[in-house]
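Hi everyone, thanks for coming. I'd like to walk you through a structure today, so please have a look at it while I talk.

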Amino acid sequence: MHHNILIWVIDCLRADKCFTPPTDKPFQGFPLFQQRGVSFTGCYSAAVNTTPSMTSILTGRYPFVHGVHKLTGPQLAPRYPSLAQLLADKGYHCRAEVTGPLLPAVGLDRGFHEYHYRDTCEHIFTGWGDRFLAGLRDWGRDQSSFLFLHTFELHEKPVRDKSFDTRRYGATEYDRTLYGVDNFARKLADILDLDNTTVVLTGDHGEVIAHRDFHRKLTVINRTLFKYRLKGRAFTVGHGYDVREDLVRVPLILSGHDCPHGEFVTTPVSQVDIVPTMSGLVSLSKSHTGSLSGVNLLPLANIPPADS
């Protein structure tokens, strides 16, 4: 039987919002992965911008090591292999579905057999989401496969699913969008064969949430004219300008194949631990991965390696 790996990075997903619904209405999707896995409640991102953070997720190295510091790069150096390269060498078919700043020019397409970049107007609440889920039904059936999924709906000015765009699902656009993302997670869990798939669910960084639209306008003024010198949440919504708990603490859920069910781990961990953990899962040696910044979380999560 083939073993598959899916890493789903939800842009701007905060740990507190993922693990605790913003209203009295429970989530229906995220808990399905939590119930089939281990939730790390103290995971911290390697950066507060998407591209450096994603590079850390895919290389297992901090930005000061891999050198990608900005949204536009610089391009990842060839000496740092990505998880896709490592898994491709192991026989996995590697595919990415990405958006936002993750253009191939940054170098994160390295190792992927398929690297599909889409405009941000194509998201999980449009026909793209339906097509993605439909195509997932045959994913990994004929070959061990790695899928890297990046979704962008929560980013700065959230895109909302009309079914959840009422105050019953939260006072902010972020909260209402989050219920729509959770509904997509429910559909995803229904399709995946979690007995033969390892799912990693995380965020690239957190978000300071706008409670009013004029907060975004104040932030633009602060960024453009004052270089973020004006302090206070009304002037600093979004991300990328500071390091604090709501910007760096993200969820990390390991779910599916051989994972303990419903476990929670409070030990602090990092995004750079994802590559060494996946490497441990498929028994990649240090001679394959090189020196990594992170550590293998399998012992902490009581998850055995998939291969010996």
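Let me start with a question: which residue forms a salt bridge with Asp165? The partner is Arg160, and the closest N and O atoms of this pair are 2.9 Å apart. Before I go on, please keep in mind that this is a predicted model.

How open to the surroundings are these two partners? Arg160 has a relative accessibility of 28%, so it counts as partly exposed. Asp165 is at 30%, so that one is partly exposed too.

If you search the whole structure, you find twelve salt bridges. Another one brings together the side chains of Glu97 and Arg95, at 2.9 Å from N to O. Are those two buried or exposed? Both Glu97 and Arg95 are buried. A further salt bridge joins the side chains of Arg244 and Asp246, with 3.4 Å from N to O. Here the partners fall into two classes: Arg244 is partly exposed at 25%, while Asp246 counts as buried because its relative accessibility is 11% and the cut-off for buried is under 20%. Going back to our opening pair, Arg160 and Asp165 belong to one network with Glu173 and Arg176, joined by salt bridges that share partners.

Now let's turn to the aromatic rings. How many aromatic pairs are there? The count comes to twelve. One of them is Phe164 with Tyr169, an edge-to-face pair with 5.0 Å between the centres and 80 degrees between the planes. Phe164 and Tyr169 are both buried. Tyr169 also pairs with Tyr179, again edge-to-face, at 5.1 Å centre to centre and with 65 degrees between the planes. Where do these two tyrosines sit in the chain? Tyr169 is in the loop between β5 (145-151) and α7 (173-191), while Tyr179 is in helix α7, and the two are ten residues apart. Tyr169 has a relative accessible area of 13%, so it is buried. Tyr179, at 2%, counts as buried as well. Zoom out a little and you can see one aromatic cluster, formed by Phe27, Phe30, Phe164, Tyr169 and Tyr179.

Phe27 gives us a nice link to the next residue, since it is among the contacts of Lys17. You can find Lys17 in helix α1, which covers residues 15-19. Is Lys17 buried or exposed? At 16% relative accessibility, Lys17 counts as buried. Which residues does Lys17 touch, if we leave aside its neighbours within four places in sequence? They are Pro22, Phe27, Tyr174, Asp175, Leu178 and Ile209.

Next, please find helix α10, residues 274-281. Why do I call α10 largely enclosed by the rest of the structure? Because eight of its eight residues are buried. In order, they are Ile274, Val275, Pro276, Thr277, Met278, Ser279, Gly280 and Leu281. After α10 comes Ser283, which has a positive phi, near 60 degrees.

One of those buried residues, Ser279, turns up again among the contacts of Thr289. Thr289 is found in helix α11, residues 286-289, and it is buried, with a relative accessible area of 6%. Apart from neighbours within four places in sequence, Thr289 is in contact with Arg61, Pro81, Leu86, Ser279 and Leu284.

Let's visit one loop residue, Leu194. Its place is between α7 and β6 (197-203). Leu194 is buried, with a relative accessible area of 8%. Setting aside neighbours within four places in sequence, Leu194 is in contact with Phe33, Arg36, Val199, Gly256 and His257. How far apart are the C-alpha atoms of Leu194 and Cys259? They are separated by 9.7 Å, although the two residues lie 65 residues apart along the chain.

Last stop: the pockets. Rolling a probe the size of a water molecule over the atoms shows where empty space is left. The largest pocket here has a volume of about 230 Å³. Which residues lie nearest its centre? Those are Asn4, Trp139, Gly140, Arg141 and Asp193, out of 13 residues that line the largest pocket. By class, that lining has five nonpolar, five polar and three charged residues.

That's my tour. Thanks for listening, and please ask me anything!

Technical notes: Residues numbered from 1 in each chain as written. Predicted model: local features only at pLDDT ≥ 70, side-chain atom pairs only at ≥ 80, totals over all residues. Heavy atoms only, no water. Salt bridge = Lys/Arg side-chain N within 4 Å of Asp/Glu carboxyl O. Buried < 20%, exposed > 50% of the residue type's maximum accessible area, 1.4 Å probe, protein only. 1 Å grid on protein atoms, 1.4 Å probe; cavity = no way out; pocket = protein on both sides within 12 Å on 5 of 7 lines; lining within 4 Å. Points joined across faces, edges and corners; volume = space filled by probe spheres on them. Nonpolar A, V, L, I, M, F, W, Y, C, P; charged D, E, K, R; others polar. Helix = DSSP H or I, 4+ residues; strand = E, 2+ residues; numbered from the N terminus. Contact = heavy atoms within 4.5 Å. Phe/Tyr/Trp six-rings, centres within 6.5 Å; stacked < 30°, edge-to-face > 60°.
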